[in-house]
Amino acid sequence: MEIRSQVKRNSLDVALLFNNSIAQLLDNKFNHLTRCDFVIEYQTCHAVSHFWPKSAQFEKPISKIPINYQRKQLGTLHLLVEVKQGSSEELAFKQFANQLGLMLARLRVAQLSDEKFGQSFALQGYSAEINKLERLIEKCANTLFPLVLNAPPGSETLATAISIHMLSDKKAGPFVELDCTSIDAHNFESKLKQAFEQAQNGSLLIANVSHLPMSQQTQLNALLTNQYSLRQNTSQPRLLSSSEHNLYARVNQGLFSRSLFEKLSFLELPIPSIKDRKTDLPLLVNTLFDYHKISAKQSLAKDCFDLLSQYDWPGNMMQLEQTLVKLIALSYQDDISSEVLKQTLPEFSQQLENSAVQTLGEHRKSIVTILFKKQVAEQRALHPSLLKALIYMQNNWQQEITLTGLANQAFVSPSHLSYLFKNTLNKSFKQILAELRIEHAKAMIAQDPNIRITDLCLEVGFGDLSHFEKIFRRYTGMSPRDYKKQYKPYRI
């Protein structure tokens, strides 16, 4: 794919790009096109910028797609290629325009939070989970109703809360955080009233609210009963709260006030853990390492980078950032390899190795499911050559695949690839391919119970009907015909 554009560089453009995010979005949305000429025109409170083809003068756009956020048009995507209405290309461009709306919102949060706090609090990553979070932020920031952030330990609670504040009508007002884990029980009420007054015309984040003992919950409940109104557009603060625990479950357990829960949780917003957004990890590791490194010479070797990118990080962003800071400060070499990591942080290195062994165990159990759901590219703990072979199988399972042909795709010898399959996954490539084809056959039957068995056999890549029926029975315990009967309606 060829992307031709000329970018007028300034601080706004650098902030907007977010580590080549525009290029990433283009690769994800338009990798089926041979060429993409486009113009992005966006309007912020500071400037208007243009992206346009390098090869010629500015051309008259053939069509336009609005870039919207919170039901307002922020800019326009001018298409310089012919796109038919209702086509897959038009849908891709509309999705791209929607994504640009989120990018512009990030830019806005980054700029405003840097001006207000001296630090950017914009979210990072492009996973489906972060995309969903930013879509929820877009909707929640449009109202002033109380909101609970369901936040795993160490996750981006503050960044999410500040994003909501900066994208709301309260953005010009103060943002005040009251952390319930760091307040003395004797002065809680006075601290609460002080924070409530300071946050007038702005937003108040009551962090870790589930840690409050019942007596302090009663004090908070009383203050909200006496001083808080659900009327919109008042001078009172927008009320945000966060919890590492499920508040509804704690109410049922008698650990949290039902009355207080009902006042706080008009809206709920879940923040994803790093484990649930593993595709963002390489970007997060790189961004944090570049931000904290002591000298320009410091770098992460590939084996160390891969190890860090495979870990689940139960402490989320806080654990990731603290670990990288320790590694940067304590390592004795500029090129930080896995061996340097092992010597610098021996206890954490052991956790990483244990996690990698556990991950491989999970791969052995679920590799066919991973292939069926097309999630192979996310399995970074696998050997690179095995990963290439599995990606090829995932995308070409209906075609005839031999071990030699698969080895050519993975750039290794057939014997070595065979060893990787059996040693890593405890199965040969033929076993995995056959089981994958049966999974697709089961899905086709569920979708169309009237499909002919001979047609099904050919559709899933089996050339011989008797062999297909034998393999189907091996993995399901029944014949294709008996399996079909499960989905046919009973006749009365």
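I471 is buried in this predicted model, with a relative accessible area of 4%, where buried means under 20% relative accessible area, exposed over 50% and partly exposed in between, taken with a 1.4 Å probe on protein chains only. Before I go on, residues are numbered from 1 along each chain as its sequence is written, and side-chain values use heavy atoms, leaving out hydrogens and water. As this is a predicted model, local features need pLDDT of at least 70 and side-chain atom pairs count only at pLDDT 80 or more, while totals for chains, interfaces and linings use all residues.

I471 sits in helix α20, residues 465-476; helices here are DSSP runs of H or I with at least four residues, numbered from the N terminus. Leaving aside residues up to four places away in sequence, I471 touches A434, I438 and F462, contact meaning heavy atoms within 4.5 Å. Of these, I438 is 33 residues from I471 in sequence, yet their C-alpha atoms are 7.8 Å apart in space.

With the same sequence exclusion, F468 touches I438, A441, I453, L456, C457, V460, F462 and P480. F468 is also, with L390 and F421, among the residues with the most contacts inside the largest nonpolar core, which has 40 residues; such a core is a set of buried Ala, Val, Leu, Ile, Met, Phe, Trp, Tyr and Cys residues joined through side-chain atoms within 4.5 Å. Helices supplying at least two residues each include α14 (346-372), α18 (429-447) and α20, and α18 gives the largest share, nine residues. Apart from this core lies another, of 29 residues, among them Y69, A159, A161 and L269.
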